[in-house]
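Thanks, everyone, for making the time. I would like to walk through one structure with you, going contact by contact, and I will try to keep the reasoning explicit as I go.

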Amino acid sequence: MTTLDSDRRNGSQDQSSGRDVPAFPPDDGPTLVRAAGPSFFPIALIARFPYAMMVVGVLTLVVSARGSLGLGGLTSAMVGLGTALCAPLVGAAADRWGQRLVVLVVGLASTVTLLAMAWVAYSPLPDWAVLVAALLIGATTPQIPPMSRTRLVAIILRRLPAARQNRILSRTMAYESAADEVTFVFGPMIVGLLAALVSPAAPVVGAALLTLVFVTSFALHRSAKEVRPSGGEPELVAPVRELFRGSLLTVLVGALGIGLFFGSVLTSLTSFMTDAGHGESAGLVYGVMGIGSAAFALGAGLFPERFSLRARWLIFAGLMLVGTAMLPSVTGLGGMLAVLGLLGIGLGPTLVTVFSLVSARSPRGRAATAMTVATTGIVVGQSSASALVGQIGEHVGTSTALFAPLLAAAVVLGAAMVNWRMAATESIGR
């Protein structure tokens, strides 16, 4: 039984059985904004920006300070490696001891490591010191997106009427995915502006200051009390083996595929734009997909409940596959923009659906862990695809690199097909 199911067993609608539930008037009970607190959403949004700035900011800083593009790329990869290694541990710690303490400690550590990188990059220390600093930056990254999702899900399930929970959960996951898209579109743009107008170290220092102010505010926000720590008590937390259930692992594979998609699209697009003599504009062109994805992620919250999550995943992942199949045949900028727009339509609702399913299938007392693992899967997929596709583009050619997003979309669609069959045979619903 999932956390979602157990919290709804006393009066909510059981989608698999279709039994009736008590009706609530549309305006009955508090709104999510009122329950979470009006300040929660702006704080949680701005607190996301440091991570969106870290990878590109570190790359910009190291290339400028050390004069080596190779070292800069390796340093960015170390940030991703640190996140992959430690993010699930941060999520597990939050489940056990509560978000407030864990986010506060990790946020302060992240501030220190970012400022240390700004000094180490220009110091006489050897290159391995730069790599260690980058690893620590990734290891201490505050996991704001999964923590935010976990808090909002807890508020919805505990504070809002059962009859409205499904609809509000869907819209909340749509907002959260759109917020992620916004930060990953505008975060690199902020890095570019700060580096050009102030100094190459400015983005990293700026990320440190944002972390100190807004991650600390997120940690201390009253909404942290909504997620109750388990303290490791067996009756409050499901066994670790519950994280390895097939229904949840299928969704996590989908998250990994989305990360592979992000990394392969951006890197192959960079190769495409470089061949056209406009490599520096790759980020702006990529923003077309990001903005479209954010818009359609928000639109996913308007889908009717009868349009099930498993059906949404299958349909929109299929749209991603169709779009990526067009990429190798694109010859001009206009065609590339059109294909990226189509990919954004498929990507946004798919991202929302995957996180909605992670929320629904998180084991009791391990919601932050499951959310963090899903987010980490995206980071790992993005980092690994960027490294591999970059090598393909440089040594084999852009035409071959443009097939990589097709393979990534196939992973997402394959997981959606497995999820469809499992939902039908195991009666897990949604």
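Let me start with Arg159, which counts as partly exposed because its relative accessibility is 36%. Before I go further, please keep in mind that what you see is a predicted model.

Arg159 is the partner of Glu226 in a salt bridge, and the closest N and O atoms of that pair are 2.5 Å apart. Glu226 sits in the loop between α9 (202-220) and α10 (246-275), while Arg159 belongs to helix α7 (residues 144-159), so the contact ties together parts that are 67 residues apart in sequence. On the Glu226 side the relative accessible area is 15%, and with the limit for buried set at under 20%, Glu226 is therefore classed as buried.

How many salt bridges does the structure hold? The count is 3, and as general background, side chains of opposite charge can pair when their charged atoms come close.

Another of these joins Arg48 to Glu176, with 2.4 Å between the closest N and O atoms. Here Arg48 comes from helix α3 (residues 40-66) and Glu176 from helix α8 (residues 162-197), so parts that are 128 residues apart in sequence are tied together by the pair. Are these two residues buried or exposed? Arg48, at 4% relative accessibility, counts as buried, and Glu176, with a relative accessible area of 0%, is buried as well.

Then there is Asp127 with Arg66, where the closest N and O atoms are 3.0 Å apart. That pair links distant parts of the chain, since Asp127 is in helix α6 and Arg66 in helix α3, 61 residues apart. Asp127 is partly exposed, its relative accessible area being 39%.

Staying with α6 for a moment, we can check its geometry: the helix covers residues 127-139, and at 1.5 Å a residue its 13 residues should span 18 Å, which agrees with the 19 Å that separates its end C-alpha atoms. Among the buried residues of α6 are Ala129, Val130, Leu131 and Ile137.

Turning now to the rings, the structure holds 6 aromatic pairs. One of them is formed by Phe41 and Tyr175, an edge-to-face arrangement with 5.5 Å centre to centre and 80 degrees between the planes. This pair links distant parts of the chain, with Phe41 in helix α3 and Tyr175 in helix α8, 134 residues apart. Phe41, at 16% relative accessibility, counts as buried, whereas Tyr175, at 24%, counts as partly exposed. Phe303 and Phe316, by contrast, are stacked, at 5.7 Å centre to centre and 20 degrees between the planes. Phe41 and Tyr175 also belong to one aromatic cluster together with Phe40 and Phe218.

There are also charges placed over rings: the charged end of Arg149 sits over the ring of Phe355, 3.8 Å from its centre, and that of Arg312 sits over the ring of Phe307, 5.5 Å from its centre.

Finally, the surface. Which residues make the nonpolar patch of about 350 Å²? They are Phe186, Met189, Ile190 and Leu284, and α8 gives the most to the patch, with 3 residues. Leu284 is found in helix α11 (residues 282-299), and at 58% relative accessibility this leucine counts as exposed.

Definitions and conventions: Residues numbered from 1 in each chain as written. Predicted model: local features only at pLDDT ≥ 70, side-chain atom pairs only at ≥ 80, totals over all residues. Heavy atoms only, no water. Helix = DSSP H or I, 4+ residues; strand = E, 2+ residues; numbered from the N terminus. Expected span 1.5 Å × (residues − 1). Buried < 20%, exposed > 50% of the residue type's maximum accessible area, 1.4 Å probe, protein only. Salt bridge = Lys/Arg side-chain N within 4 Å of Asp/Glu carboxyl O. Patch = residues over 30% accessible without salt bridge, like charges linked within 9 Å, V, L, I, M, F, W, Y side chains within 5 Å. Areas by Shrake-Rupley, 256 points an atom, 1.4 Å probe, with all protein chains shown as cover. Phe/Tyr/Trp six-rings, centres within 6.5 Å; stacked < 30°, edge-to-face > 60°. Lys NZ or Arg CZ within 6 Å of the ring centre and 35° of its normal.
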